[in-house]
Amino acid sequence: MTTAIAFRRVSRHYGEVRAVDAVDLEVTEGEFFAMLGPSGSGKTTCLRLVAGFERPTAGEIEIFGQPCSKVPPYRRPVNTVFQDYALFPHLNVRDNVAYGLMIARVGKAERHRAAEQALEMVALPGYADRKPSALSGGQRQRVALARALVNKPKVLLLDEPLGALDLKLREQMQVELKSLQRQLGITFIFVTHDQGEALSMADRVAVFNEGRIQQVGRPEDIYDRPETPFVADFVGSSNVLPPEIVERLTGHRAHASLRPEAVRLQPGGHDAQVVELAFLGAVTRLTLKMEGQALTALVPKGQALPEKGSTVQIGWDNDALHLMGSRDG
Ligand code: ADP
Ligand code: MG
């Protein structure tokens, strides 16, 4: 398997701010790779480093095995799709898509043909003569995608590309993007702060926090076997139990994650107070307190619910309690 993009101990510091801090990473050719993390965790800076808009303060990025510190952005086989589209309002869709080719002095007939082809890929044929203002948000996002695809990049960098869309459209575009990526076989590096989006779309996910990678793995690994409390909390909205409680439960002194859907109401289990109930549709979320520790449980619709303020007994399967190391600090 070919490595498309490699980070070799890459840092980008701005004065005191460690936007990206000693990141090691390999993205395989043809992979749908997600960078997931909260705002300010260094995701955009990573993409800008790959695109060549930023330079590492330490370390090296390789693109298809070539160190690229001396390669200018326009010579790199990558293109970026930004969240805010940045379409030219005075140009029609065709010319927006063909803009990069025009700058590269590709002839008119050829670049128009390439633009039409790219618009077909994103399911927008027939829209070439419209201005961006005559398109919906989802259609504009497709134009931005076509504009990146028209250059036939080997790697597409997508920086929160669906962030501006409403939920329904976003979910639809997630499915479309995923199938487009499969169909084209292009390597995608997809940045998002939305864990559901990352887990549902990506082949592998890197979880970022404060410029560092906390964990890289397949979605099910990240979700089922978080390696740090941060990953458990951010990715799974999982309960993170402190070492004192885990020691009493298991004999091991370590943090542990316990997914809310694994917590059951179970007579004879551990005592817990019901602090809050929130009806979410298919499930009800219980906020509980066990030995002073807040815990979330999800109760499927149809099951009997306890009253707020009451004491219940809870339990879970042994393997639901997942012990973690700590990579913080
Ligand atoms: P994300 O995309 O995950 O939200 P960014 O990569 O944009 O995060 O930013 C990471 C950190 O680096 C943030 O603390 C941000 O304020 C800082 N940062 C990014 N770009 C610059 C810059 N040009 N100058 C100073 N600080 C920056
Ligand atoms: Mg960002």
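How far is an oxygen atom of ligand 1 from an N or O atom in the side chain of Thr 44? In this predicted model, that separation comes out at 2.8 Å.

**View 1. Polar contacts around ligand 1.**
Start with the two threonines. Besides the Thr 44 pair at 2.8 Å, an oxygen atom of ligand 1 sits 2.5 Å from an N or O atom in the Thr 45 side chain. With Ser 41 it's the backbone that takes part: one of its polar backbone atoms is 3.1 Å from a ligand oxygen. Taken on its own, ligand 1 has 560 Å² of accessible area, and the protein covers 59% of that.

**View 2. The shell around ligand 1.**
Here's the full cast: Tyr 14, Val 17, Ala 19, Pro 38, Ser 39, Gly 40, Ser 41, Gly 42, Lys 43, Thr 44 and Thr 45 surround the ligand. Sorted by class, that's 6 polar, 4 nonpolar and 1 charged. Two elements, strand E2 (17-28) and helix H1 (43-51), each supply two or more of these residues. H1 gives the largest share, with 3 residues.

**View 3. The largest pocket.**
Now for some empty space: the largest pocket holds about 710 Å³. It is lined by 25 residues, and those closest to the centre are Val 78, Asn 79, Gly 100, Arg 147 and Asn 151. Strand E6 (78-81), helix H2 (93-103) and helix H4 (137-149) are the elements that put two or more residues into the lining. By class, the lining splits into 17 nonpolar, 4 polar and 4 charged residues.

**View 4. The annotated span.**
This one follows a database label. UniProt, in an unreviewed entry, lists residues 5-235 as "domain: ABC transporter". The C-alpha atoms at the two ends of that span are 24 Å apart. As for secondary structure, the span is 37% helix and 27% strand.

**View 5. Two loop residues with positive phi.**
Most residues other than glycine have a negative phi, so here are two spots worth a look. Ala 123 has a positive phi of about 60 degrees, though it is not a glycine. Its place is the loop that runs between helix H3 (108-121) and H4. Glu 291, another non-glycine residue, also has a positive phi, near 50 degrees. Glu 291 belongs to the loop between strand E14 (283-290) and strand E15 (293-300).

Definitions and conventions:
Residues numbered from 1 in each chain as written. Chains lettered and ligands numbered in written order. Predicted model: local features only at pLDDT ≥ 70, side-chain atom pairs only at ≥ 80, totals over all residues. Heavy atoms only, no water. Near = heavy atom within 4 Å. Polar contact = N/O pair within 3.5 Å; in protein donor to acceptor, adjacent residues only side chain to side chain. Areas by Shrake-Rupley, 256 points an atom, 1.4 Å probe, with all protein chains shown as cover. Helix = DSSP H or I, 4+ residues; strand = E, 2+ residues; numbered from the N terminus. Nonpolar A, V, L, I, M, F, W, Y, C, P; charged D, E, K, R; others polar. 1 Å grid on protein atoms, 1.4 Å probe; cavity = no way out; pocket = protein on both sides within 12 Å on 5 of 7 lines; lining within 4 Å. Points joined across faces, edges and corners; volume = space filled by probe spheres on them. UniProt positions renumbered as here; feature names shortened; annotations may be inferred.
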